[in-house]
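Good morning, and thank you for coming. I would like to walk you through one protein chain, beginning with its overall make-up and then turning to its interior.

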Amino acid sequence: MELIEKALAKARAEAPKTNTEGAAPAVPPSSPQQPVHSDLAAISYSRTAVSGDAADVWVRNRLVAHLSDHNADLFRILRAKILQPMRENGWRTLAVVGATAGVGKSTMAANIALSIALDANQTVLLVDADLRKPRVASYFGLQVQKGLGDYLSGQATVEEVLVNPGVERLVILPSCGSYSNSTELLGSRKMSELVQELRSRYESRIVMFDLPPLLASGDALSFLPQFDCALLVVENGGNTAVELQEARRLLQKTNLLGWVLNKADAGMGGYYYRHYYGDKR
Ligand SMILES: Nc1ncnc2c1ncn2[C@@H]1O[C@H](COP(=O)(O)OP(=O)(O)OP(=O)(O)O)[C@@H](O)[C@H]1O
Ligand SMILES: [Mg+2]
């Protein structure tokens, strides 16, 4: 597991610089000809084809936490509300969950990770733990050949799958493809050892997991107990009361930070995030 430490340290050291105040836009890699400066960069850029203008891709995929606009402000507020209880309790692993498919879990996880990475005191690792419908890499405009499933099935090392999307302090452990044995892989000892390993390395690092829908399969449930805390994403008008009750029941033994109402005001540019947070009822 030394490889994880090595690769992450290099990711922090070598990633392109961004404004540490989080006020200015981050600069995502915009060209496949990005110079290669280190082993991690070689891993990241030789194994991913970053095509076109990644900044456009991000915004098209509703990654907006790095911009200087109202949405980014909302993510800064949400970031503070997430980090405060995590710091107080010494929690470092955060699962982003939702009752059903398509509520915005991956989009929310990616934006929160971006926002945290723009906080000068914090590094963040975002793990795409949806082995059936992975989206994190594509939302960042990254084309990856290997991911978490390859690691869990012994086809790749962690170092081979970690990717830096071009933001200092942000590393992604992506997934790709689709695994019919995803429940077994996510519930495996290798997965729980990975979570513990990622958690225990650096005090300043938050490890986030984008999880599959709670109610769709056993995937999320198989490793939910391992996370320090969770954030529940609820889609405005997209989840029934019964679904939410069931999700809450499944999260009973999890430290639920709160819930976020996503797609609250779709009329406002198509991606307006209104965050209601901290109410666990
Ligand atoms: N605030 C928002 N406003 C409008 N559209 C949104 C918003 N958040 C996410 N979306 C869109 O909703 C769709 C689903 O988002 P996303 O992939 O994040 O959901 P998910 O819960 O991770 O889905 P899945 O369960 O399939 O993994 C995407 O097209 C995304 O761009
Ligand atoms: Mg998703």
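Helices and strands are here DSSP runs, of at least four residues for a helix and at least two for a strand, numbered from the N terminus. Counted in that way, the protein chain has twelve helices and six strands. Please bear in mind that what you see is a predicted model.

Let me begin with the chain as a whole. It comprises 281 residues, and 56% of them count as buried. How far apart in sequence are the residues that meet? Among contacts between residues at least 6 apart in sequence, 79% join residues at least 24 apart.

I turn now to the interior. The largest nonpolar core has 43 residues, and the ones with the most contacts inside it are Ile 112, Phe 140 and Met 208. Helix α5, residues 105-117, supplies the largest share of this core, namely eight residues. Apart from this core lies another, of 39 residues, which includes Leu 125, Val 158, Leu 232 and Leu 261.

Ile 112 deserves a moment of its own. This residue lies in helix α5. Because its relative accessible area is 1%, and buried means under 20%, Ile 112 is classed as buried. Which residues does Ile 112 touch, if we set aside those up to four places away in sequence? They are Phe 75, Leu 78, Ile 82, Met 208 and Leu 231. The C-alpha atoms of Ile 112 and Ala 65 are 7.2 Å apart in space, although the two residues are 47 apart in sequence.

A similar account can be given for Leu 170. Its place is in strand β3, residues 170-173. Leu 170 has a relative accessibility of 0% and therefore counts as buried. Not counting residues up to four places away in sequence, Leu 170 touches Ala 113, Leu 114, Ala 117, Val 124, Phe 140, Asn 164 and Pro 165. Thr 123 is 47 residues away from Leu 170 along the chain, yet 6.2 Å separates their C-alpha atoms.

Next, I would draw your attention to strand β4. How many of its six residues are buried? The answer is six of six. As general background, the side chains in a regular strand alternate between the two faces of the sheet. In β4 both faces are covered: Arg 205, Val 207 and Phe 209 are buried on one side, and Ile 206, Met 208 and Asp 210 are buried on the other.

Strand β4 also has partners. Strand β1, residues 93-98, pairs with β4 in the parallel sense over four bridges. Within β4, Phe 209 has Ala 95 standing opposite. Strand β2, residues 123-128, likewise runs parallel to β4, and six bridges join the two. Here Val 124 stands opposite Ile 206 of β4.

Phe 209 brings us to the aromatic residues. The structure holds three aromatic pairs. In one of them, the ring centres of Phe 209 and Phe 227 are 4.6 Å apart and the planes are at 50°, so this pair is tilted. Phe 209 belongs to strand β4, residues 205-210, while Phe 227 sits in the loop between α11, residues 219-223, and β5, residues 229-235; the pair therefore ties together parts that are 18 residues apart in sequence. Phe 223 and Phe 227 form an edge-to-face pair, with 5.1 Å from centre to centre and 70° between the planes. Ring pairs thus link Phe 209, Phe 223 and Phe 227 into a cluster.

Are the members of this cluster buried or exposed? Phe 209 is buried, at 0% relative accessibility. Phe 223 is buried too, with a relative accessible area of 0%. Phe 227 is also buried, with a relative accessible area of 6%.

One further ring should be mentioned. Lys 190 lies over the face of Tyr 151, at 4.4 Å from the ring centre.

Finally, a word on the cysteines. How many disulfides does a search of the whole structure find? It finds zero. Cys 176 counts as buried, at 17% relative accessibility. Cys 229 is buried as well, with a relative accessible area of 0%.

To close, let me return to the interior: a nonpolar core of 43 residues, another of 39 residues apart from it, and strand β4 with both faces covered. Thank you for your attention.

Technical notes: Residues are numbered from 1 along each chain as its sequence is written. Chains are lettered from A and ligands numbered from 1 in the order in which they are written. This is a predicted model: local features need pLDDT of at least 70, side-chain atom pairs count only at pLDDT 80 or more; totals for chains, interfaces and linings use all residues. Side-chain values use heavy atoms; hydrogens and water are left out. A nonpolar core is a set of buried Ala, Val, Leu, Ile, Met, Phe, Trp, Tyr and Cys residues joined through side-chain atoms within 4.5 Å. Buried means under 20% relative accessible area, exposed over 50%, partly exposed in between (1.4 Å probe, protein chains only). Rings of Phe, Tyr and Trp (its six-membered ring) pair if their centres lie within 6.5 Å; planes under 30 degrees apart count as stacked, over 60 as edge-to-face and the rest as tilted. A charge sits over a ring if NZ of Lys or CZ of Arg is within 6 Å of the ring centre and within 35 degrees of the ring normal. Two strands pair if DSSP finds at least two bridges between them. A disulfide is a pair of cysteine sulfur atoms within 2.5 Å. Contact means heavy atoms within 4.5 Å.
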